[in-house]
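Welcome! Here are some exercises to work through at your own pace, each followed by a worked solution. Have a look at the structure first, then try each task before reading on.

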Amino acid sequence: LDVVERRGSGRVAGRALPPALSGLTQRALLLHAEFWRALRAPRVLWFEPGTTLLCGRAPLALDDPLFEAWDWVGAPWKWAAPGAPHSVGGNGALSLRTRGALVALLDGGATPPSKGNEDMWYVKALGAAGALGPPLGRKARLAPTLGGNELHSALKMHEIRFRAERVVCYRQAPKAVASRFAVEELTPADRKAPPVGVFHLMRTVPHTNRSKLLALCPEAKLLFPAVHDPRCKVACPSKRFLDGPLRDWTACEKAGGDECALAF
């Protein structure tokens with residue numbers, strides 16, 4: 001189902017997706033150009049039910065200009081080294097994506113691998129394809145850094161400029177922007193306002209920072225009551241528990257005076 005908000009009317013419009021897309025896994029669907037082509041809105045909010053949640057007190061809206069300037073915005077990845085392909089963009093479980101950018105990428109010959117996370121592939125592929133510059137739909141400009149061999153002749157430079165003006169380019173949100181949109185495992189210790197949303201891996205954020213984040217975004221408690229609710233048996237900062245499967249930290253078994261619960 002494709003659901004598009006009709007601004008100002010308070011209503012939504014929906015339509016069925018093409019039959020060819022039925023039966024596909026979530027990964028296959030998200031990596032299929034026809035899925036994105038079938039959507040009508042230029043900007044898409046993708047969220048995974050049960051693992052993501054929006055914060056009601058967030059000062060920034062989904063269509064805030066801060067986010068609209070980027071073709072991919074998701075929670076920053078903790079493990080991504082500065083300057084690495086995945087240091088921008090972010091987790092796709094809760095993400096804003098420019099529909100046309102993904103269609104252009106897939107139509108342009110980018111081939112997803114048979115295995116692996118779709119969001120990690122998209123972020124790396126978008127980064128490689130968009131090395132020359134601005135978001136899709138904006139006029140591409142010549143990159144300021146080109147190899148020395150490409151600067152040897154005016155003719156060569158002219159050819160590069162000619163190609164650059166016609167290439168499809170993309171931009172992925174830097175960490176400073178992405179962290180204001182969503183939280184996965186990283187959140188500033190001095191955060192004063194909640195992000196737009198959170199992903200379930202925020203359970204691994206250190207207890208003090210997580211408590212601050214839960215105070216700013218109390219809706220996030222719905223994702224994992226077993227981690228924070230003092231009435232639950234396993235409401236304890238245990239690494240074994242945090243590394244456990246989803247069912248362990250979403251199910252709340254009542255504690256009945258468990259000392260470990262006092263830690264929360």
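Helices, taken as H or I, are DSSP runs of at least four residues, and they are numbered from the N terminus. By that numbering, Leu102 belongs to helix 4, which covers residues 99-107. Please keep in mind that this is a predicted model.

**Exercise 1. Getting an overview**

Task: Find how many helices and strands the protein has, and what share of its residues is buried.

Solution:
- Step 1. Begin with the secondary structure: there are 11 helices and eight strands.
- Step 2. Turn to burial: 41% of the 264 residues count as buried.
- Step 3. Look at contacts with a separation of 6 or more: 63% of them join residues 24 or more positions apart.

**Exercise 2. Leu102 and its helix**

Task: Decide whether Leu102 is buried or exposed, and list what Leu102 is in contact with.

Solution:
- Step 1. The cut-off for buried is under 20% relative accessible area. Leu102 has a value of 0%, so this residue is buried.
- Step 2. Set aside the neighbours within four places in sequence; Leu102 is then in contact with Trp36, Trp72, Arg97, Tyr122 and Leu126.
- Step 3. Take one of these partners, Leu126: 24 residues separate Leu102 and Leu126 along the chain, and their C-alpha atoms are 8.3 Å apart.
- Step 4. Widen the view to helix 4, where Arg99, Ala101, Leu102, Val103, Leu105 and Leu106 are buried. The buried residues of this helix pack against helix 2 (33-38), strand 3, strand 5, strand 6 and helix 5.
- Step 5. Follow the chain just past helix 4, and you meet Gly109 with a positive phi of about 110°.

**Exercise 3. The nonpolar cores**

Task: Name the residues with the most contacts inside the largest nonpolar core.

Solution:
- Step 1. A general tendency helps here: in soluble globular proteins, nonpolar side chains tend to be buried together.
- Step 2. The largest nonpolar core of this model has 24 residues, and Phe35, Trp36, Leu105, Trp121 and Tyr122 have the most contacts inside it.
- Step 3. Two or more residues of this core come from each of helix 1, helix 2, strand 3, helix 4 and helix 5.
- Step 4. Now pick Trp36. Beyond its neighbours within four places in sequence, Trp36 is in contact with Leu30, Val44, Arg97, Arg99, Leu102, Val103, Leu106 and Tyr122.
- Step 5. There is also a second, separate core of 14 residues, with Trp70, Ala75, Val177 and Ala182 among them.

**Exercise 4. Strand 6 and its partners**

Task: Work out which strands pair with strand 6, and why strand 6 is largely enclosed.

Solution:
- Step 1. Strand 3 (residues 43-47) pairs with strand 6 in the antiparallel sense, over five bridges. Along this pairing, Phe47 stands opposite Leu94, and Leu45 stands opposite Leu96.
- Step 2. Strand 5 (residues 72-75) is also antiparallel to strand 6, with four bridges. Here Gly74 has Ser95 as its bridge partner.
- Step 3. Eight of the eight residues of strand 6 are buried, so the rest of the structure largely encloses this strand.
- Step 4. For strand 3, recall that in a regular strand the side chains alternate between the two faces of the sheet. Strand 3 has Val44 and Trp46 on its covered face, while Arg43, Leu45 and Phe47 make up the uncovered one.

**Exercise 5. A three-stranded sheet and Thr51**

Task: Give the strand order of the open sheet of three strands, then describe the setting of Thr51.

Solution:
- Step 1. The order is 4-8-7, with mixed pairing. Strand 4 and strand 7 (182-183) are at the edges with a single partner strand each, so one side of each has no neighbour in the sheet.
- Step 2. Strand 4 and strand 8 (residues 197-199) run antiparallel and are joined by three bridges; Thr52 stands opposite Phe199.
- Step 3. Thr51 sits in the loop between strand 3 and strand 4 (52-54). Its relative accessibility is 11%, so Thr51 counts as buried.
- Step 4. Not counting residues up to four places away in sequence, Thr51 touches Val198, Phe199, His200 and Leu223.

**Exercise 6. The second largest pocket**

Task: Find which residues lie nearest the centre of the second largest pocket.

Solution:
- Step 1. This pocket holds about 230 Å³ of space.
- Step 2. Of its 16 lining residues, Glu48, Asn91, Asn117, Glu118 and Asp119 lie nearest the centre. Helix 1 (26-30), strand 6 (91-98) and helix 5 (118-129) each give two or more residues to the lining.
- Step 3. Sorted by class, the lining has six nonpolar, five polar and five charged residues.

Conventions. Residues are numbered from 1 along each chain as its sequence is written. This is a predicted model: local features need pLDDT of at least 70, side-chain atom pairs count only at pLDDT 80 or more; totals for chains, interfaces and linings use all residues. Side-chain values use heavy atoms; hydrogens and water are left out. On a 1 Å grid over the protein atoms alone, a cavity is a set of points where a 1.4 Å probe fits but cannot get out, and a pocket is an open set with protein on both sides within 12 Å along at least five of seven lines; lining residues have an atom within 4 Å of a point. Grid points are joined across faces, edges and corners, and a volume is the space filled by probe spheres set on the points. Ala, Val, Leu, Ile, Met, Phe, Trp, Tyr, Cys and Pro count as nonpolar, Asp, Glu, Lys and Arg as charged, and the others, Gly among them, as polar. Buried means under 20% relative accessible area, exposed over 50%, partly exposed in between (1.4 Å probe, protein chains only). Two strands pair if DSSP finds at least two bridges between them. Contact means heavy atoms within 4.5 Å. A nonpolar core is a set of buried Ala, Val, Leu, Ile, Met, Phe, Trp, Tyr and Cys residues joined through side-chain atoms within 4.5 Å.
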